[in-house]
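This report describes a single protein chain from its atoms. The sequence and the structure are shown first, and the description comes after them.

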Amino acid sequence: RVSASRKSRPKRVTAAKRRRAAKVPVADELKDEKYWARREKNNAAARRNRAMKKAQKVAEKSKLPRLNRQNVELVDEVIMLKQELKGLREALRQRLIREGLADQHWA
C-alpha cells in the first residue's frame, strides 16, 4: 500500500528513464581531428561526472549513521515532550477542579 504523501509526490524522470536517440555510428572518413577532440572532451567530462557521482555517494553513505543517531534522539525527545505535555495537562485539570473553574469538559 502506498502512503498518502507518496501518492501526491510528483514523479521525477531520471536519466535512465528518458528516451535517447538511437546511436548512429560515425563513418571512418568523418573522424577528423575535430571529431577526436570532441570525443576526448566528452570522455573526460564523463570521467569527471562518474567520479563526482561516486564522491557524492560516499559522502551520503558517511552521513547515514549520524542522521540515524540524530533521528533516534529526536524521536526520544518527542516521546519525552508528549509525556511532559500530558503531565502539564493533568496538572492544569487538577488545578481547575481544585479552584472550581473546571466545567463539564475538564471534569
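What follows covers the fold and surface, then the aromatic contact, the salt bridges and a patch of charge.

**Overall picture**

The model is predicted, and side-chain atom pairs are counted only at a pLDDT of 80 or more. The secondary structure of the chain consists of 2 helices and 0 strands, and one of these elements is helix H2, which covers residues 33-98. Of the 107 residues in the chain, 2% are buried. The surface that the chain exposes amounts to about 11,100 Å², with carbon and sulfur atoms supplying 55% of that area.

**The aromatic pair**

The count of aromatic pairs in the chain comes to 1. The pair is formed by Tyr-35 and Trp-36 in an edge-to-face arrangement, with 4.9 Å from centre to centre and 80° between the planes; the angle is over the 60 degrees above which a pair is classed as edge-to-face. The partners fall into separate classes of exposure: Tyr-35 counts as buried because its relative accessibility, 13%, is under the 20% cut-off, whereas Trp-36, at 46%, counts as partly exposed.

**Salt bridges**

How many salt bridges does a search of the whole structure find? The search returns 4, and the table lists some of them, including the N to O distance and the relative accessibility of each partner.

| Salt bridge | N to O distance | Accessibility of the acidic partner | Accessibility of the basic partner |
|---|---|---|---|
| Asp-28 and Lys-31 | 3.5 Å | Asp-28, 61% | Lys-31, 29% |
| Glu-40 and Arg-47 | 3.3 Å | Glu-40, 45% | Arg-47, 45% |
| Glu-90 and Arg-93 | 3.0 Å | Glu-90, 34% | Arg-93, 23% |

In the bridge between Asp-28 and Lys-31, the acidic residue Asp-28 counts as exposed because its 61% lies over the 50% cut-off, while Lys-31 is partly exposed at 29%. Glu-40, which forms its salt bridge with Arg-47, is partly exposed, and Arg-47 is likewise partly exposed. Glu-90 and Arg-93 are both located in helix H2, where they are 3 residues apart, about one turn of the helix. Glu-90 is partly exposed, and Arg-93 also falls in the partly exposed class.

**A patch of positive charge**

Arg-18, Arg-20, Lys-23, Lys-34, Arg-38 and Arg-39 gather on the surface in a patch of positive charge. One of these residues, Arg-39, is found in helix H2. Why can Arg-39 be counted in a patch on grounds of accessible area? With a relative accessible area of 31%, Arg-39 is partly exposed, and this value therefore passes the patch criterion of over 30%.

How values were computed:
Residues numbered from 1 in each chain as written. Predicted model: local features only at pLDDT ≥ 70, side-chain atom pairs only at ≥ 80, totals over all residues. Heavy atoms only, no water. Patch = residues over 30% accessible without salt bridge, like charges linked within 9 Å, V, L, I, M, F, W, Y side chains within 5 Å. Areas by Shrake-Rupley, 256 points an atom, 1.4 Å probe, with all protein chains shown as cover. Salt bridge = Lys/Arg side-chain N within 4 Å of Asp/Glu carboxyl O. Lys, Arg positive; Asp, Glu negative; His and termini not counted. Charge placed at Lys NZ, Arg CZ, Asp CG, Glu CD. Helix = DSSP H or I, 4+ residues; strand = E, 2+ residues; numbered from the N terminus. Buried < 20%, exposed > 50% of the residue type's maximum accessible area, 1.4 Å probe, protein only. Phe/Tyr/Trp six-rings, centres within 6.5 Å; stacked < 30°, edge-to-face > 60°.
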